[in-house]
Amino acid sequence: MDSSSLLLLDDMRATADRIAPYIVHTPVVSFQGKHADTLLEGLASVHLKLELLQRTGTFKARGALNAVMGLDSDQRKRGITAVSAGNHAVAAAFAANVLGVSAKLVVQASANPVRLAATRRYGAEVLIAADGPTAFARAEEIVRDEGRSMIHPFDGPLTSLGTSTIGLELMAQLPDLDAVVVAIGGGGLASGLASAIKAINPSCKIYGVEPAGADAMSRSFESGHTERLAVVNTIADSLGPPMTLDYSMGLCRAHLEKIVTVSDDEICRAMAVLFHDAKLAVEPSGAAALAAAIGPLRIQLQGQRVALIVCGANIDIDGFSRFVARGENLLA
């Protein structure tokens, strides 16, 4: 990525000021407990950045809000559209609601009912598409026929500037971190978060984690260009876009130390640990960072002060219970 495309600290701080009236400054807590103390033994300290407490239940509110705020008055009058597996739809609907903008959103049929209900509560019109390609095609029709603006789920400067505000908060809360672990879907979260952290604390290492069944960014790091997956297979559906795109991939490549992958079993185990030790009910994506810290990154993080981004909690009770039970079996 050309250095001129990197995010500037002044722009990140201006973004934080702009979206501050509408978002939660999420807390950081020390992470300890019966399972955590054993599984994370040897790390100097572990903290959780609780972005699951954000408006809409995930970090995505920040990027969606910043993107809608970036529209001019004519664009706002025509409204927005978006494509989502669920969480981005909730965030886009929230942003449209607080800014008085019409939203017609295309959501994949596989979306969790909790996310669909939340999207509709914010007043958005929801269209259901059979799958990702169908959803993108329908949204493109809406842009063409109705003049609505597309609010992308993970790519573009406004999205990354929105998520950079998490990094700004984290550096104010824990300025001396050695490492941060963050989940990656399309890279919208990691690209902004990493940009802010590296601008303030260049020595802090940032590790990305993907589900093994949705490893588009890992493949992109290996090949040096964007990749598209033929099949996505993971319980962490919000980390499962079928492709990477140039902008978010470029920022991730510029700032991340490496990317590791975790299995669905490892994610379930981490969900169980977060539930029992921190009393947090997270969706699978929200447990991915911990899954990496107690799995493929455990040796690499020895002796370090580490923060894990707990990025979301939009899941139904039955699904949550099923995944936690699966994880408990792996802890026994």
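How many salt bridges does the structure hold? The structure holds twelve, with a salt bridge taken as a side-chain nitrogen of Lys or Arg within 4 Å of a carboxyl oxygen of Asp or Glu. We will visit some of them below.

Before you start clicking: this is a predicted model, in which local features need pLDDT of at least 70 and side-chain atom pairs count only at pLDDT 80 or more, while totals for chains, interfaces and linings use all residues. Residues are numbered from 1 along each chain as its sequence is written, and side-chain values use heavy atoms, with hydrogens and water left out.

**Stop 1: the whole chain**

Show the cartoon. The protein has 14 helices and ten strands; these are DSSP runs numbered from the N terminus, helices being H or I with at least four residues and strands E with at least two. The C-alpha trace spans about 55 × 45 × 40 Å along its principal axes. The radius of gyration is 18 Å, which agrees with the value near 20 Å for a compact globule of 332 residues; it is taken over C-alpha atoms, and the globule rule is 2.2 Å times the number of residues to the power 0.38.

Now switch on the surface. About 12,800 Å² is exposed by the protein, and carbon and sulfur atoms supply 49% of it. Areas come from the Shrake-Rupley method with a 1.4 Å probe, and for residues only the protein chains shown count as cover. Of the 332 residues, 58% count as buried, meaning under 20% relative accessible area, with exposed over 50% and partly exposed in between. If you draw contacts (heavy atoms within 4.5 Å), residues 24 or more positions apart account for 76% of those with a separation of 6 or more.

**Stop 2: helix 3**

Select residues 60-69. All ten of the ten residues in helix 3 are buried, among them K60, R62, N66 and M69. Next, add what covers them: the cover includes helix 1 (9-19), helix 4 (73-78), strand 3 (80-84), helix 5 (87-99) and helix 8 (157-173).

Keep R62 on screen and add K49, E51 and E169. These four are linked in a network of salt bridges.

**Stop 3: E146 and its partners**

Side chains of opposite charge can pair when their charged atoms come close. Select E146 and K104 for an example: their side chains meet in a salt bridge at 2.6 Å, N to O. This pair links distant parts of the chain, with E146 in helix 7 (residues 132-146) and K104 in strand 4 (residues 103-108), 42 residues apart. E146 counts as partly exposed because its relative accessibility is 32%, whereas K104, at 12%, counts as buried.

Add R148 to the selection. E146 forms a salt bridge with R148 too, and the closest N and O atoms are 2.8 Å apart. R148 is buried, at 11% relative accessibility.

**Stop 4: R326, D265 and D264**

Move on to R326 and D265, whose side chains meet in a salt bridge at 2.8 Å, N to O. R326 lies in helix 14 (residues 317-331) and D265 in helix 12, so the pair ties together parts that are 61 residues apart in sequence. R326 is partly exposed, with a relative accessible area of 33%, and D265 is partly exposed at 34%.

Then pick D264, found in helix 12 (residues 264-278). Which side chain of opposite charge is nearest to D264? It is R326, 4.7 Å away, and D264 is buried yet has no salt bridge. Leaving out residues up to four places away in sequence, D264 touches N233, T234, I235 and R326.

**Stop 5: two backbone angles in loops**

Go to T56, in the loop between strand 2 (45-50) and helix 3. Its phi is near 75 degrees, a positive value in a residue other than glycine. T56 counts as buried because its relative accessibility is 11%.

Finish at K279, in the loop between helix 12 and helix 13 (288-293). Is K279 buried or exposed? K279 is exposed, with a relative accessible area of 65%. The phi of K279 is near 60 degrees, again a positive value in a residue other than glycine.

Technical notes: Buried < 20%, exposed > 50% of the residue type's maximum accessible area, 1.4 Å probe, protein only. Lys, Arg positive; Asp, Glu negative; His and termini not counted.
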